[in-house]
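User: I am a first-year student, and I would like a close look at one small part of this structure, followed outward step by step to whatever it belongs to. Please take your time and connect the pieces as you go.

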Number of protein chains: 4
Amino acid sequence: MNKRKIINDPVYGFVTIPFDIIYDLMEHHWFQRLRRIKQLALTHYVYPGALHTRFHHALGALHLTGQAIDVLRSKGTEITEEEAEAVSITILLHDIGHGPFSHALEHTLVNIHHEAISVLFMNKLNEEFGGRLDLAISIFKNQYHKKFLHQLVSGQLDMDRMDYLNRDSFFTGVHEGVIGYHRIIKMLAERNNELVVEEKAIYSIERFLTARRLMYWQVYLHKTTLVAEQMLIKVLKRAKELFQQESLATPSEHLNFFLSENLNEKDLEQKGAKIIHHYSFLDDTDIVMALKTFASANDFLLSFLSKGLLYRKLFRIEIQNTPFTSDYINMIRHKTATMFQHNDVDSEELVSFGKESNTTYSVSKEEINILLKTGEVVPMSETSMINIPQGIITKHYLCYPKTIL
Amino acid sequence: MNKRKIINDPVYGFVTIPFDIIYDLMEHHWFQRLRRIKQLALTHYVYPGALHTRFHHALGALHLTGQAIDVLRSKGTEITEEEAEAVSITILLHDIGHGPFSHALEHTLVNIHHEAISVLFMNKLNEEFGGRLDLAISIFKNQYHKKFLHQLVSGQLDMDRMDYLNRDSFFTGVHEGVIGYHRIIKMLAERNNELVVEEKAIYSIERFLTARRLMYWQVYLHKTTLVAEQMLIKVLKRAKELFQQESLATPSEHLNFFLSENLNEKDLEQKGAKIIHHYSFLDDTDIVMALKTFASANDFLLSFLSKGLLYRKLFRIEIQNTPFTSDYINMIRHKTATMFQHNDVDSEELVSFGKESNTTYSVSKEEINILLKTGEVVPMSETSMINIPQGIITKHYLCYPKTIL
Amino acid sequence: MNKRKIINDPVYGFVTIPFDIIYDLMEHHWFQRLRRIKQLALTHYVYPGALHTRFHHALGALHLTGQAIDVLRSKGTEITEEEAEAVSITILLHDIGHGPFSHALEHTLVNIHHEAISVLFMNKLNEEFGGRLDLAISIFKNQYHKKFLHQLVSGQLDMDRMDYLNRDSFFTGVHEGVIGYHRIIKMLAERNNELVVEEKAIYSIERFLTARRLMYWQVYLHKTTLVAEQMLIKVLKRAKELFQQESLATPSEHLNFFLSENLNEKDLEQKGAKIIHHYSFLDDTDIVMALKTFASANDFLLSFLSKGLLYRKLFRIEIQNTPFTSDYINMIRHKTATMFQHNDVDSEELVSFGKESNTTYSVSKEEINILLKTGEVVPMSETSMINIPQGIITKHYLCYPKTIL
Amino acid sequence: MNKRKIINDPVYGFVTIPFDIIYDLMEHHWFQRLRRIKQLALTHYVYPGALHTRFHHALGALHLTGQAIDVLRSKGTEITEEEAEAVSITILLHDIGHGPFSHALEHTLVNIHHEAISVLFMNKLNEEFGGRLDLAISIFKNQYHKKFLHQLVSGQLDMDRMDYLNRDSFFTGVHEGVIGYHRIIKMLAERNNELVVEEKAIYSIERFLTARRLMYWQVYLHKTTLVAEQMLIKVLKRAKELFQQESLATPSEHLNFFLSENLNEKDLEQKGAKIIHHYSFLDDTDIVMALKTFASANDFLLSFLSKGLLYRKLFRIEIQNTPFTSDYINMIRHKTATMFQHNDVDSEELVSFGKESNTTYSVSKEEINILLKTGEVVPMSETSMINIPQGIITKHYLCYPKTIL
């Protein structure tokens with residue numbers, strides 16, 4: 001059977017499956033589950049095209065990794081076929097630990113970082129595949145001596161980021177987020193086991209950094225996405241309370257498992273097998289179906305929020321550069337309490353506030369290394385050539401029902 | 001409140017809401033439901049990008065309709081603001097009667113054409129909006145004297161088709177399906193109350209017809225889509241049987257309603273209100289969640305098929321230009337029976353066959369009318385200028401579990 | 001020195017120089033001359049973006065050839081590095097014999113097919129490069145035993161055609177001409193020394209054929225292009241007459257050479273060296289500069305036509321499916337004569353007529369061969385799968401000064 | 001006659017002629033001349049697709065101006081049909097005073113700013129068109145009371161810049177230069193007679209500024225473009241010397257005129273008519289044809305440089321952030337003198353140096369004004385929202401024949 005399938009991808013044209021084992025991993029139902037997990041969760045409420053899945057993103061990152069391998073090899077860096085296969089596996093599976101609506105889920109039901117779960121899945125798959133994922137896992141954990149292979153998967157210029165910026169721009173239609181990935185990949189090189197980028201690509205790198213920043217504010221932290229996510233967090237928290245009071249259940253036994261437990265990373269050791277079992281059946285459907293049943297629940301808060309999400313009657317959100325004063329928050333809470341006094345609801349639960357930050361590029365973290373024409377390698381911040389937007393930008397938000405003000 | 005929102009659309013860049021009432025209709029939860037109904041049902045199993053929804057398609061068709069109105073007006077055809085608003089409403093709502101996985105649903109649970117349901121929804125909305133949809137409904141039913149307005153919504157060159165070909169090409173990545181919609185729309189005109197197209201666009205029209213045909217074979221009737229749909233049809237039929245035997249229920253009360261009834265268009269009169277109620281809550285989630293619960297059902301057939309769909313273990317499909325002989329079909333059935341003899345299953349249910357046809361352009365139906373440079377209007381088939389692919393092409397298929405042969 | 005340069009191409013993103021000798025050939029001033037010869041001659045009078053050059057087309061075809069080589073190799077067809085280099089040279093140089101405004105030139109000053117001149121150039125370059133073009137020339141002349149290599153350069157699905165359709169679509173903005181080259185190339189294969197295409201690409205092939213036909217009528221034989229070319233032909237003929245009467249010279253000694261001679265292919269043997277010398281200095285500049293000087297010439301016809309071309313005051317052109325009657329032509333000539341009676345001009349010279357044909361695909365010529373899933377290879381016309389537009393379409397034209405009617 | 005033509009533009013799809021007078025102006029041979037003047041002069045030596053003309057750019061800017069007018073009107077800003085026509089004329093003609101290879105020309109033969117010549121052309125056209133350009137000229141000179149109309153043509157966010165960034169990105173293939181013009185234009189508004197941009201577009205503005213900066217370094221001041229331009233400047237200077245010594249003439253009487261004179265802006269008053277006459281016949285052809293004749297001139301310097309340009313044997317260029325030391329320059333000169341000692345040439349003429357600067361955005365100049373959601377208008381530098389790259393970046397270059405070092 002020919003496993004080197006060609007898959008249409010509107011972003012890159014075609015993606016070719018480069019190794020038989022990649023095909024076999026894609027066929028596994030744990031990977032197929034990613035077909036039902038949207039990359040950008042609730043963002044389609046702002047950008048209706050943003051329905052692409054983690055499945056598609058994994059394929060795209062795989063495609064770019066193949067290109068990067070070709071480029072590095074053409075510049076004399078040795079990458080064996082075994083290593084190429086391994087890094088392809090790593091990038092394919094790097095996000096397999098993501099759950100539905102990850103961000104909201106990690107704040108409420110599954111207090112475990114998705115990378116930890118990815119490792120769990122990879123280990124299990126490694127057993128099933130008779131140890132053929134050993135090298136891939138070692139690269140994922142940055143334990144392999146060729147460090148640049150890990151950097152292709154996770155680093156300042158990794159193929160994960162390169163694909164998601166591209167893909168998210170493409171499907172949202174926010175064209176300003178498009179990056180010159182083609183040029184950046186062509187300019188990659190390896191020096192002393194580290195991924196570097198040739199000086200010629202310096203303006204493309206600058207562009208890449210500003211595109212990323214723009215995507216943060218225009219897409220990832222868009223106020224409508226933020227407020228929808230806040231509402232989903234409130235729904236899941238409330239559902240967990242009610243479930244643990246035995247006054248609610250959802251149609252999904254797997255979601256019920258996570259409503260019943262208060263899990264964190266420490267539980268992975270003892271309950272790992274159980275967690276992975278239920279987690280492997282969880283996708284966007286379970287959450288949306290839960291919202292649909294919650295909409296007619298007796299609990300006012302649960303029903304009010306769930307209907308809001310389903311019918312896109314979202315809360316108002318205010319955003320500013322400084323924290324909201326407690327006076328202002330109290331005033332909003334008071335008004336909310338008055339408005340909802342006849343509903344059996346804790347009005348505090350209808351108001352939420354917090355902050356979001358975004359650092360585009362930090363010289364304190366691992367830097368992008370530039371390969372100068374002279375052959376020297378320098379951290380980007382030490383070249384005077386480009387303007388690097390720095391510093392953390394923080395925005396404060398406050399959300400509450402629209403009818404209040 | 002400013003209702004003339006601008007929405008990002010990766011296909012057209014931006015779509016602007018042209019009338020306040022359009023915004024209000026979009027806010028209605030019946031329309032929001034279209035956010036959860038994929039335009040191309042199971043096609044994303046072949047083309048992973050094909051996740052776009054009927055919501056997005058409706059917006060796109062609205063956008064093109066606005067452009068067509070501008071073009072017609074600029075050529076001297078009178079379209080009042082009231083008419084422009086009405087035809088915008090019509091195109092926005094033309095598909096509101098679609099259910100999840102329409103094609104499979106109409107063959108199993110809801111034996112009613114989606115257009116009939118669209119009319120039901122429109123009438124209900126018209127009540128809610130105090131008669132403001134009167135003109136829109138009249139255009140939809142082709143009862144308005146300016147026939148070309150109806151043709152913009154439903155005809156050989158309507159904005160529905162124009163958008164879905166574009167949009168389906170875009171999201172599948174099958175670029176060959178891209179049509180020169182921009183040019184065709186620029187070349188639209190009205191003569192004697194009919195929509196015509198200027199001679200200059202004739203090659204774009206030819207291109208449009210071949211693109212459509214290509215999309216049929218490469219996307220809409222792709223063998224993987226066909227086989228997945230056949231499997232879904234079998235699941236829904238089996239679920240209905242079991243439900244009516246009271247040995248099954250799904251988590252969705254709305255889906256249960258349709259499993260419990262054997263509805264067809266005649267029921268609309270008596271049970272219209274009930275049908276519309278349950279239908280208005282039905283979306284892709286209900287079906288996929290049902291598949292997830294069916295996967296662990298006791299019934300072998302239901303579970304086998306549902307798992308196949310969820311994990312993308314699809315049946316084999318054979319396609320040919322002539323009908324399969326009964327000998328061949330019997331042989332397949334026999335092998336299937338042998339293979340599944342220990343499972344409590346009617347092996348006939350695991351084999352399905354049928355045919356699909358596609359007529360690109362038929363001179364017997366309403367024709368595309370060409371406005372010659374001389375001012376004369378002639379049906380396209382009478383101009384000798386272009387090569388019109390004609391005739392019905394029929395393909396026969398036969399599906400069965402992969403393990404058989 | 002690193003000769004594997006990367007060149008930006010808006011059509012494909014980047015084109016990489018694959019062999020050192022390719023770089024050296026590109027540096028040769030005979031190849032640099034192609035920078036000053038527009039691919040589509042006067043077409044920019046209709047499509048203002050159509051200014052791309054034969055230089056750029058050669059690069060694009062080179063790029064696609066590299067992709068095709070990779071695809072064929074990945075399917076097990078042996079292509080040695082030497083052969084890959086040779087076929088790259090062949091495609092790079094396949095059009096080096098083109099002159100400025102080729103079509104007009106070949107009808108007037110240089111009655112020699114450009115391919116014959118390409119061979120002349122290649123032979124000369126082969127001498128300069130010490131025989132390193134032997135294999136490339138052998139492939140060009142279809143004398144090499146691996147026939148499919150020649151077919152990559154010249155055949156029903158060659159990389160020349162694939163690039164020019166793409167490139168011409170891109171720069172004219174006639175998007176309907178875009179072809180799924182990516183898919184077609186991915187589906188190429190070799191069987192029995194012949195280039196074949198896998199069955200899966202059949203709709204892309206159909207699309208390719210219709211795109212080509214559309215480009216013929218919408219671009220290559222666009223009436224404005226036709227009429228401008230007719231005017232240029234008349235200018236060059238008239239200039240030749242006057243030059244040979246010694247009453248005119250142009251600023252270009254090289255153009256003057258061709259005005260002075262009446263060359264055809266037979267002259268290549270005796271005057272080859274001289275022809276190639278002057279030809280190698282001829283580009284669009286010589287022709288346009290001549291027009292600029294002709295505009296103020298004393299000869300009415302020459303000046304009238306040259307101004308018309310420079311200022312884009314083009315003649316009227318009538319096009320129809322049947323030949324113009326001699327009555328009609330005579331009437332036009334008569335009117336022209338009357339109109340221009342006070343100018344010292346042979347009015348016949350102001351009227352021209354003729355015909356242009358286009359065959360999209362002919363079963364009588366070499367056919368596209370389809371590699372069926374069964375492994376069988378059949379000519380495309382024998383598969384019943386697609387609709388092949390056939391038959392020659394001929395259009396008749398008549399051009400004359402606008403002021404006449 | 002219908003003058004509202006539709007023109008294909010690969011950048012925007014279609015451009016429609018919005019007013020009859022626009023068509024008439026486009027037909028004028030002064031405007032047709034822009035068909036033969038490349039927007040980016042010698043840049044196609046680096047980016048082979050960069051052959052687009054000032055003609056095409058004028059059309060593109062016209063198209064965007066039409067969109068901006070629609071947007072402003074839709075937000076309640078009054079723009080009469082007369083004003084819309086006038087500003088369309090202004091943008092169409094804003095660059096009509098450009099000569100071939102402007103930058104090199106203005107440094108050598110025509111020491112007059114192209115805007116001054118544009119005004120000359122507009123005034124002449126105004127006479128021909130019976131005063132119908134009065135308002136357009138008044139807007140061009142910023143004398144009209146609706147200042148925002150002038151800002152559409154010339155300002156921080158004018159349609160000129162918007163088009164050329166887009167167009168230059170498109171044709172060079174430097175996709176990082178693509179700007180979200182669509183979004184920026186949708187967000188334009190007018191307040192107190194000034195053009196402002198809504199806060200929502202702030203990230204698009206940031207993107208626009210970085211795209212512009214990137215285009216400067218990657219395209220406009222690309223080292224290969226710089227060195228080619230330096231060579232052309234040297235050619236033109238030398239040709240002028242020789243012409244004035246009566247030892248040279250070119251085939252173009254119009255170019256000869258400018259070689260014979262030492263013009264600057266003061267000459268416009270006395271010799272305006274003569275200047276405009278010759279200038280109106282000057283295009284890229286005259287310069288390239290001159291190079292072709294210079295290539296075989298007796299003067300070594302002229303011939304050496306001209307051949308270098310024609311055959312793309314460009315000089316070496318060194319670029320650095322600090323000025324070159326006189327020691328280094330003297331060393332290069334000395335080596336050059338030694339190398340060329342047997343040629344009758346002043347070796348100083350073969351070495352050139354200088355600097356180029358680029359300011360992306362300066363708060364000292366007119367600023368971009370942001371319309372906050374609160375309704376307030378503030379200069380961009382006063383919002384803390386975005387990161388504005390500031391400061392002048394200067395690069396120093398030194399060019400000399402490649403064979404030297």
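Analyst: In this predicted model, a good place to begin is one pair of residues in chain C, where Asp9(C) stands opposite Gly13(C) in strand S2. This pair belongs to a set of four bridges that join S1(C) to S2(C), residues 13–16, and the two strands run antiparallel. Between them lies a hairpin, in which three residues lead from S1(C) to S2(C). As background, strands of a sheet pair through backbone hydrogen bonds, either parallel or antiparallel.

From the hairpin we can step out to the contact between two chains, which takes 29 residues from chain C and 28 residues from chain D. Strand S1 (6–9) of chain C is one of the elements that supply at least two residues each to the side of chain C that touches chain D, and the others are helix H2 (29–32), helix H3 (54–74), helix H9 (159–172) and helix H15 (284–294). The most is given by H15(C), with five residues. Sorted by class, this side of chain C has 14 nonpolar, twelve polar and three charged residues.

How chains C and D are placed relative to each other can be described too: a turn of 180 degrees, with a shift of 0.0 Å along the axis, lays chain C on chain D with an RMSD of 0.0 Å. Because 97% of the interface residues of chain C are also interface residues in chain D, the copies meet through the same surface.

Chain D also has a contact with chain A, and there 15 residues come from chain D and 15 residues from chain A. On this side, chain D has four nonpolar, eight polar and three charged residues. Chain D can be laid on chain A with an RMSD of 0.0 Å by a turn of 180 degrees and a shift of 0.1 Å along the axis, and the two copies are thus related as by a two-fold rotation axis. Here the same surface serves both copies, since 100% of the contact residues of chain D recur in chain A.

For a second example of strand pairing, we can turn to chain A, where four strands form an open sheet in the order S4-S5-S9-S10, with mixed pairing. Its edge strands, S4 (188–191) and S10 (377–379) of chain A, each pair on one side only, and the twist averages 45 degrees from one strand to the next. Within this sheet, two bridges join S5(A), residues 194–198, to S9(A), residues 369–371, and these strands run parallel; at one position Glu198(A) stands opposite Leu371(A).

Finally, we can look at the interior. The largest nonpolar core has 484 residues, and of these Val197(A), Val197(B), Val197(C) and Val197(D) touch the most other members. Leaving aside residues up to four places away in sequence, Val197(D) touches eight residues that include Leu157(D), Ile205(D) and Ile368(D). Ile368(D) sits in the loop between strand S8 (352–359) and strand S9 (369–371) of chain D, and Ile368(D) counts as buried because there are 21 C-beta neighbours inside 10 Å. Although Ile368(D) and Val197(D) are 171 residues apart along the chain, their C-alpha atoms are separated by 7.8 Å. With the same exclusion of sequence neighbours, Ile368(D) touches Gln156(D), Leu157(D), Val197(D), Ile205(D) and Met380(D).

Definitions and conventions: Residues numbered from 1 in each chain as written. Chains lettered and ligands numbered in written order. Predicted model: local features only at pLDDT ≥ 70, side-chain atom pairs only at ≥ 80, totals over all residues. Contact = placed C-beta atoms within 7 Å. Nonpolar A, V, L, I, M, F, W, Y, C, P; charged D, E, K, R; others polar. Core = buried A, V, L, I, M, F, W, Y, C linked by C-beta atoms within 7 Å. Buried ≥ 20, exposed ≤ 12 C-beta atoms within 10 Å, placed from the backbone. Least-squares fit on C-alpha atoms with pLDDT ≥ 70 in both. Pairing = 2+ DSSP bridges. Axes fitted to C-alpha atoms, helices over the stretch in contact; angles between N-to-C directions.
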